[in-house]
Amino acid sequence: MSVTPEAPYGVDPKGRPYSDKSKIVAGILQLFLGTLGIGRFYVGSVGVGVAQLLTCGGLGFWALIDGILFLTSNDRTDKQGRVLRG
């Protein structure tokens, strides 16, 4: 794992910098508070967070699926396009 000023948390195997945000924290927030869009606000996706807030997380279905995807996917990114650590 190489650490540079552009990637203070290192890079993934594909060379993409890691985020300061955690996919585990984002997933847990989304599972428990996803109807309020909290997981999306955490990673910087304000627009999607507001949409989830206004729709109660797609009546809970969108929030549940989004939370599971945060926890299982290795390609989720933050607002700056950095891969979530986890």
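In the predicted model, R16 and D75 form a salt bridge in which the closest N and O atoms are 3.1 Å apart. Because R16 lies in the segment before strand 1 (18-22) and D75 in the loop between helix 5 and strand 2 (83-85), this pair ties together parts that are 59 residues apart in sequence. Both partners fall in the partly exposed class: R16 has a relative accessible area of 27%, and D75 has a relative accessibility of 46%. The pair also belongs to a network of salt bridges that links D12, R16 and D75. In total, the structure holds six salt bridges.

Another of these interactions joins the side chains of R40 and D66, with an N to O distance of 2.7 Å. Here, too, distant parts of the chain are linked, since R40 belongs to helix 2 (residues 38-43) and D66 to helix 5, the two residues being 26 apart. R40 and D66 are both buried. A further salt bridge connects the side chains of D78 and R82 at 2.9 Å, N to O. D78 is buried, with a relative accessibility of 6%, whereas R82 is partly exposed at 21%.

D78 and R82 are also found around S19, a residue of strand 1. Apart from residues up to four places away in sequence, S19 touches Y9, D78, R82, V83, L84 and R85. The relative accessible area of S19 is 0%, and the residue is therefore classed as buried, a term applied to values under 20%.

The packing of helix 1 against helix 5 was examined next. Helix 1 (residues 23-33) and helix 5 (residues 61-72) pack with their axes 8 Å apart and at an angle of about 165 degrees. Helix 1 is therefore roughly antiparallel to helix 5, as angles over 145 degrees are placed in this class. The crossing of helix 1 with helix 5 is left-handed. On the side of helix 1, the contact is made by K23, I24, A26, G27, I28, Q30 and L31; on the side of helix 5, these residues meet A63, L64, D66, G67, I68, F70, L71 and T72. By class, the residues of this contact comprise nine nonpolar, four polar and two charged.

Within this contact, Q30 of helix 1 is buried, at 0% relative accessibility. With neighbours within four places in sequence left aside, Q30 is in contact with A63, D66, G67 and F70, among others. The contacts of Q30 also include G37, I38, G39, R40 and Q52. Thus R40 and D66, the two partners of the 2.7 Å salt bridge, are both among the residues that Q30 contacts. The C-alpha atom of Q30 is separated by 16 Å from that of K79, a residue 49 positions away along the chain.

T72, which is located in helix 5, likewise takes part in the contact with helix 1. With a relative accessible area of 56%, T72 is exposed, whereas Q30 is buried. The C-alpha atoms of T72 and L59 are separated by 22 Å, the two residues being 13 apart along the chain.

Technical notes. Residues are numbered from 1 along each chain as its sequence is written. This is a predicted model: local features need pLDDT of at least 70, side-chain atom pairs count only at pLDDT 80 or more; totals for chains, interfaces and linings use all residues. Side-chain values use heavy atoms; hydrogens and water are left out. Axes are lines fitted to C-alpha atoms, for helices over the stretch in contact, and angles run from 0 to 180 degrees between N-to-C directions. Helices (H or I, at least four residues) and strands (E, at least two) are DSSP runs, numbered from the N terminus. Angles under 35 degrees count as roughly parallel, over 145 as roughly antiparallel, 65 to 115 as roughly perpendicular and the rest as oblique. A crossing is left-handed if the near helix is turned anticlockwise from the far one by less than a right angle, and right-handed if clockwise. Contact means heavy atoms within 4.5 Å. Ala, Val, Leu, Ile, Met, Phe, Trp, Tyr, Cys and Pro count as nonpolar, Asp, Glu, Lys and Arg as charged, and the others, Gly among them, as polar. A salt bridge is a side-chain nitrogen of Lys or Arg within 4 Å of a carboxyl oxygen of Asp or Glu. Buried means under 20% relative accessible area, exposed over 50%, partly exposed in between (1.4 Å probe, protein chains only).
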